[in-house]
Amino acid sequence: MSDAWLVVVLVGGGTIAIKAIGPVLLGGRALPPRIASLIALLAPALLAALVAINTFGVGRSIEVDERMLGVAAACIAIWRRAPVLLVVVIAATVTAVARAIG
């Protein structure tokens with residue numbers, strides 16, 4: 001298993017554990033709103049970190065290349081409320097065209 005998959009498995013397990021702690025400790029009561037909002041933000045924050053690492057990370061250094069253009073295109077498509085499948089296609093197309101040109 002690669003390091004990336006190990007991190008994904010550990011983060012997934014940690015997320016499940018964090019989500020399970022509330023109901024186990026509180027019984028049938030709901031989580032306090034502050035904690036519930038914090039838990040809701042964990043998955044998007046981790047996804048953003050994985051995207052940033054895979055976009056700009058090369059080994060132990062930072063590299064700006066064609067992948068950045070694909071992510072920028074995806075951000076614009078999301079901002080314009082494009083469907084998820086279209087966002088992926090746009091990002092892949094922009095990255096491929098940039099690599100073909102450069």
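The following chat goes through a predicted model of a protein, from its overall layout to a few single residues.

Student: What does the secondary structure of the protein come to, and how do the elements run from the N terminus on?

Tutor: In this predicted model the protein has four helices and two strands, and from the N terminus on these elements run α-α-β-β-α-α. The radius of gyration is 18 Å, which is well over the 13 Å that the globule rule gives for 102 residues, so the protein is more spread out than a compact globule.

Student: And what does the C-alpha trace span along its principal axes?

Tutor: Along those axes the C-alpha trace of the protein spans about 60 × 35 × 20 Å.

Student: How many of the residues count as buried, as a percentage?

Tutor: Of the 102 residues of the protein, 12% count as buried. D65 is buried, because its relative accessible area is 18%, under the 20% cut-off.

Student: Which side chain does D65 meet in a salt bridge?

Tutor: The side chain of D65 meets that of R67, with a distance of 3.1 Å from N to O, and the count for the model comes to one salt bridge.

Student: Switching to the surface, which residues make the nonpolar patch?

Tutor: The patch, with an area of about 740 Å², is made by M1, W5, L6, V8, V9, L10 and L50. Its largest share, five residues, comes from helix α1, which covers residues 3-26.

Student: Take L10 then, is that residue buried or exposed?

Tutor: L10, which lies in helix α1, counts as exposed because its relative accessibility is 57%, and the cut-off for that class is over 50%.

Student: What about T15, where is its place and how does its accessibility come out?

Tutor: T15 also has its place in helix α1, but with a relative accessible area of 22% this residue is partly exposed. The C-alpha atoms of T15 and L85 are separated by 26 Å, and these two residues are 70 residues apart along the chain.

Student: Where is V58 found, and how far is its C-alpha atom from that of G13?

Tutor: V58 is found in strand β1, residues 57-58, and counts as partly exposed at 33% relative accessibility. Its C-alpha atom and that of G13 are separated by 26 Å, with the two positions 45 residues apart in chain numbering.

Student: Same sort of thing for N54, where does it lie and what is the C-alpha separation from M68?

Tutor: N54 lies in helix α2, residues 33-56, and is exposed because its relative accessible area is 54%. The C-alpha atoms of N54 and M68, which are 14 residues apart along the chain, are separated by 9.9 Å.

Student: Back to side chains, how many aromatic pairs are there?

Tutor: The count comes to zero aromatic pairs. There is, however, a charge over a ring, since R80 lies over the face of W79 at 5.5 Å from the ring centre, which is within the 6 Å limit used for such a contact.

Student: And what is the phi of R81 about?

Tutor: R81 has a positive phi of about 65°, although this residue is not a glycine. R81 is found in the loop between α3 (66-79) and α4 (84-101), and it counts as exposed because its relative accessibility is 76%.

Note on methods
Residues numbered from 1 in each chain as written. Predicted model: local features only at pLDDT ≥ 70, side-chain atom pairs only at ≥ 80, totals over all residues. Heavy atoms only, no water. Phe/Tyr/Trp six-rings, centres within 6.5 Å; stacked < 30°, edge-to-face > 60°. Lys NZ or Arg CZ within 6 Å of the ring centre and 35° of its normal. Buried < 20%, exposed > 50% of the residue type's maximum accessible area, 1.4 Å probe, protein only. Patch = residues over 30% accessible without salt bridge, like charges linked within 9 Å, V, L, I, M, F, W, Y side chains within 5 Å. Areas by Shrake-Rupley, 256 points an atom, 1.4 Å probe, with all protein chains shown as cover. Salt bridge = Lys/Arg side-chain N within 4 Å of Asp/Glu carboxyl O. Rg over C-alpha atoms; globule rule 2.2 N^0.38 Å.
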